[in-house]
Amino acid sequence: MFTWSTEQIDPRDRFDYWREVRAKGLFGVTAELEPEHRQDFFGRFSLRKLGNAGLVELRASPYRVERRDGDIADARSDSLCIYQQLGGGGWFSGGRLEDFAVRDGMFATSYADLPYRTVPLRDDGFNLRIIKVPVADIPLPRRATLDELVPKPVQDQAALRPLLESCFHDLVEGGDAAAADTAPLVQALAHIALIERGVLRSASRLGQQALRTGRLSLARRLIARQLAQPTLSPTLVAYTLGISVRHLHVLFEGAEMSFSETLTRLRLDRSRRLLRERPDWTIADVAFACGFESLATFYRLFNAAEQMTPGDYRARSA
């Protein structure tokens, strides 16, 4: 992870440095800001490699951004960009775009080497994440190209949006995972984005593989969100995903653990954390907060995993 902030630069030089070194050199864009506002400028970003792809998180005070023809010629990227707005919002315009705004939580996609203009919607400036995936790393249908993908928001009502969002957050939360571990997820994220943009057919082999990865990612998130429900079942998760229970089990067949094994592991993980962090809770409080249907079931599964009782685990962790 590489991080950088304008706090390292004299306030008088912060925007000039950001414009010439960071905006042009790292992002390949032209940055503009009135001279009277430059002294108050701040910006920071982080960059994490995901194999050949990169995850950038950026926060900065307001300024104008353009990716011009000259910027593209000087810093070609040849990448698919997937953006998530984290706060405030941004307005996109220019070139062949239909002007649009993205607001907190929204996603947008584009091919990197097309011109655009963007400004923040509010005074709190830019706050977003971008995953850039080199086109060379994205298997594509024959004769398919991405050079027409002008920036465009992912439609909120699209059934694909939850799958894209889940894969995106898996990569964000993946920490220092090895490139080999992130590559299938990066490819699935790119392909889901391209299905949403109409470049890839969902019924194709690549499309089906991406949808399986996305549904498995979302299924795991749905399980994690509802762990405290003793009635959490494959039927409930399958219904939420809009697939059959059989299809849900097929998704987990290709994973390291089955649905029930995943559910048990997540419940035990949460119980360990609560045993450490909530000494005021009884063992029963912990068990039922994690969705175990009975105290006896919790003791049996915990003993099998840790070779000790929950009480002994808590005492050793104190």
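**Exercise 1.** In this predicted model, work out which residues of helix 10 are exposed and which are buried.

*Solution.* Start with the outward side: Ala-296, Arg-300 and Ala-304 are exposed there, taking exposed as over 50% relative accessible area. Now flip to the other side, where Thr-297, Phe-298 and Phe-302 are buried. Why do these three share a side? They cover an arc of only 120 degrees around the axis, which puts them on the same side of helix 10. The general rule helps here: an α-helix has 3.6 residues a turn, so residues three or four places apart point the same way.

Next, look for the cover. Among the elements over the buried residues of helix 10 are helix 8 (259-277), helix 9 (283-289) and helix 11 (310-317).

**Exercise 2.** Check the span of helix 10, then see what comes right after the helix.

*Solution.* Helix 10 runs over residues 295-306, twelve residues in total. From first C-alpha to last, the helix reaches 16 Å, close to the 16 Å expected at 1.5 Å a residue. Step just past the end and you meet Gln-307, with a positive phi of about 55 degrees.

**Exercise 3.** Find the strands that pair with strand 5, and sort the faces of strand 5.

*Solution.* Take strand 2 (residues 30-32) to begin with: three bridges join this strand to strand 5, and the two run antiparallel. Thr-30 has Glu-66 as its bridge partner. Then go to strand 10 (residues 116-120), which pairs with strand 5 over three bridges, again in the antiparallel sense. Here Arg-67 is partnered by Tyr-116. Finally, the faces of strand 5 (residues 64-67): Val-65 and Arg-67 sit on the covered one, Arg-64 and Glu-66 on the uncovered one.

Conventions: Residues are numbered from 1 along each chain as its sequence is written. This is a predicted model: local features need pLDDT of at least 70, side-chain atom pairs count only at pLDDT 80 or more; totals for chains, interfaces and linings use all residues. Side-chain values use heavy atoms; hydrogens and water are left out. Buried means under 20% relative accessible area, exposed over 50%, partly exposed in between (1.4 Å probe, protein chains only). Helices (H or I, at least four residues) and strands (E, at least two) are DSSP runs, numbered from the N terminus. Two strands pair if DSSP finds at least two bridges between them. The expected span of a helix is 1.5 Å times one less than its number of residues. The arc is that of the directions from the helix axis to the C-beta atoms. Contact means heavy atoms within 4.5 Å.
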